[in-house]
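Hi,

Here is the model I promised to pass on. Have a look at it first, and then read my notes underneath.

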Amino acid sequence: MASPKFQGWLGKTPESVKGKMEWGEFEPKKWSEDDVDIEISHCGICGSDLHMLKSGWGPTPYPCVVGHEIVGKAVRVGQNVKHVKVGDRVGVGAQARSCQKSDCPDCSTHQQPYCANECVNTYGSVYPNDEGKSFGGYADYNRTNGGFVLKIPDGIDSATAAPMLCGGVTVYSPLKHNGCGPGKTVGIVGVGGLGHFGILFAKALGASRIVGISRKADKREDALKLGADEYIATGEEKDWETKHARSLDLIVCTVSSEKMPLQGYLRLLKTRGTFIQVGAPDGGNLPPINAFTMIANGIKIGGSLIGSPQEIEEMLQLAADKKIKTWTQERPLKDANQAIVDMEEGKARYRYVLVNENYGHH
């Protein structure tokens, strides 16, 4: 088929994060027979979208269409793509391409997000070899390499699946890689868009005890409903780091603030415990860490990015099997500007999903 008409919400300056995106046409990457064109039905709003719109993680190559939690229908499938056919319900997460070479130590071991040779994001990246730019899911259509286009399992609806494609796998991956399961006590710092996934997936993976950790007590009831066994309000509970010291095997931190009480979080770890940072603050700075905090308890501190296509498929199947329901609020794509303003103001409980009112009417 001929290429569809690509239109979406364009961020043209850092001011666009204030609800000033403009609807318009854009030129997707040059078509190749490795690609898939998707008619978008749903796209989750991720915190990354706000960082990119305002150039928070470095200069954004404007104009930019954000959105990397994309679900829709495959409408054009390259000849080299064998696992997807026209008409399939598919999804795309935060990565659009890697080198995919058989001798790449990362791509060959399902660690594509860490590929050092080529890592193209779903939006805001410039492809090599003059192929164009990547544009995301606040749009009618998306074009992505078939290796990063996934079929959505039948047992999960599109509004539930969309925010899992970045937000969900961002916490699922470190939980899985760091031993979350029966017998483990797990803390999730930040009960928000990412953190609510952390509690849901820690529960699904069978953690014996889950602790939600946030600054204020206002999310306590939500954390318990999501599956947490306990809740710590660090801004309101006196001596919380002493009271709960050495109680957790694993902490996944979704907070992106250089002012968070990191030393206190580390004191919550058991001997040989692990702290994994997934929240990414503008500028990338974290609070200072005292070496003796690590040495005295033998703890490990690490980070985690997103997840490979294989991990996303595994996570979606787990969600379908366990009937996991994300806490989402659907917003019309036409109201994307107001939705990102509301997201920036912390109003989402806990993920906004843009629903494309143009889907099926092109």
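What follows is a run through the whole chain, two helices, one serine and a few backbone oddities.

First, the ground rules. This is a predicted model, so local features need pLDDT of at least 70 and side-chain atom pairs count only at pLDDT 80 or more, while totals for chains, interfaces and linings use all residues. Residues are numbered from 1 along each chain as its sequence is written, and side-chain values use heavy atoms, with hydrogens and water left out.

The whole chain: it has 10 helices and 17 strands. Those are DSSP runs numbered from the N terminus, with helices being H or I of at least four residues and strands E of at least two. The C-alpha trace spans about 65 × 45 × 35 Å along its principal axes. The radius of gyration is 20 Å, which agrees with the value near 21 Å for a compact globule of 362 residues; that is taken over C-alpha atoms, and the globule rule is 2.2 Å times the number of residues to the power 0.38. Buried residues make up 58% of the 362, where buried means under 20% relative accessible area, exposed over 50% and partly exposed in between (1.4 Å probe, protein chains only). Of the contacts with a separation of 6 or more, 70% come from residues 24 or more positions apart; a contact is heavy atoms within 4.5 Å.

Now helix H4, residues 193-204. Its 12 residues reach 17 Å from first C-alpha to last, close to the 16 Å expected (1.5 Å times one less than the number of residues). Why call H4 largely enclosed by the rest of the structure? Because 11 of its 12 residues are buried. Among them are Leu-194, His-196, Phe-197, Ile-199 and Phe-201. The buried residues pack against helices H3 (167-177), H5 (220-226) and H9 (309-322), as well as strands E10 (185-189), E11 (209-214) and E17 (351-355). Just after H4, Gly-206 takes a positive phi of about 90°.

Helix H10 (residues 336-344) is also largely enclosed, because seven of its nine residues are buried. Asn-337 and Asp-342 are among those buried residues, together with Ile-340, Val-341 and Met-343. Their packing partners are strand E1 (7-10), helix H1 (47-53), strand E16 (328-332) and E17. Here too a glycine follows: Gly-346, just after H10, has a positive phi of about 75°.

One serine to click on is Ser-98, in strand E6 (residues 95-98). Ser-98 is buried, with a relative accessible area of 1%. Beyond its neighbours within four places in sequence, Ser-98 is in contact with Cys-107, Gln-112, Cys-115, Glu-118 and Phe-148.

Last, the backbone. Most residues other than glycine have a negative phi, and most peptide bonds are trans. Which bonds are cis here? One joins Tyr-62 and Pro-63, with omega about -5°, and Pro-63 is in the loop between H1 and strand E4 (70-77). Another joins Arg-349 and Tyr-350, with omega about 0°; Tyr-350 lies in the loop between H10 and E17.

Two non-glycine residues have positive phi. Ser-55, with phi near 60°, is in the loop between H1 and E4 and counts as partly exposed at 23% relative accessibility. Asn-129, with phi of about 60°, is in the loop between strand E7 (119-121) and strand E8 (141-145) and counts as exposed at 69%.

Cheers
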